[in-house]
Amino acid sequence: MWPNCLRLIMWLLFLMPFSTHAQSQDYWQQEVNYKVRVELDDQNHTLEGNLQIQYINNSPDQLEHIYFHLWPNAYKNLQTAFAEQKREAGSTEFYYSEPDERGSINQLDFMVGDDQVRWYLDST
């Protein structure tokens, strides 16, 4: 009995990828392309840059929102959520860093084509 049962299990395992492929005909994948331009000012220890993202919605649905998880000022000072997470994890390297070893972003803007996009912070 066991050899027949094992043979059946082996056939089922062999056929499973084919059955899931037949069911996934409506599969789609979003596409995101990036172009990053950055200039280093090593005299003032600053970076100035631009990030261009091309997001192609291949889903059958129209998107009302696009979420970006950004931490633009995570390294600004010792009061940020990043600094708190590091402290809670027991890491002291950032906590004892010098202010000139930290960083921040002082400009953040979003455009779609030539149109400025309204954006907001989601605190949840």
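**View 1. The largest pocket of the predicted model.** The largest pocket encloses about 2,400 Å³ of space. Its lining comprises 48 residues, of which Phe68, Leu70, Leu108, Asp109 and Phe110 are the closest to the pocket centre. Sorted by class, the lining residues are 25 nonpolar, 17 polar and 6 charged.

**View 2. Secondary-structure elements in the lining of the largest pocket.** At least two lining residues come from each of strand 1 (31–41), strand 2 (46–56), helix 2 (81–88) and strand 3 (111–112). The most is given by strand 2, which supplies 10 residues to the lining.

**View 3. The hairpin of strand 1 and strand 2.** Strand 1 and strand 2 are paired in the antiparallel sense, and the pairing extends over 11 bridges. Within this arrangement, Leu40 is positioned opposite Leu47 of strand 2. The hairpin has 4 residues between its strands, and His45 adopts a positive phi near 55°. Both strands of this hairpin also contribute to the lining of the largest pocket, each with at least two residues.

**View 4. Thr80 in the loop between strand 2 and helix 2.** The loop that holds Thr80 lies between two elements, strand 2 and helix 2, that each supply at least two residues to the lining of the largest pocket. Thr80 is classed as buried because its relative accessible area is 14%, the cut-off for this class being under 20%. When residues up to four places away in sequence are not counted, Thr80 touches Asn73 and Ala74.

How values were computed:
Residues numbered from 1 in each chain as written. Predicted model: local features only at pLDDT ≥ 70, side-chain atom pairs only at ≥ 80, totals over all residues. Heavy atoms only, no water. 1 Å grid on protein atoms, 1.4 Å probe; cavity = no way out; pocket = protein on both sides within 12 Å on 5 of 7 lines; lining within 4 Å. Points joined across faces, edges and corners; volume = space filled by probe spheres on them. Nonpolar A, V, L, I, M, F, W, Y, C, P; charged D, E, K, R; others polar. Pairing = 2+ DSSP bridges. Buried < 20%, exposed > 50% of the residue type's maximum accessible area, 1.4 Å probe, protein only. Contact = heavy atoms within 4.5 Å.
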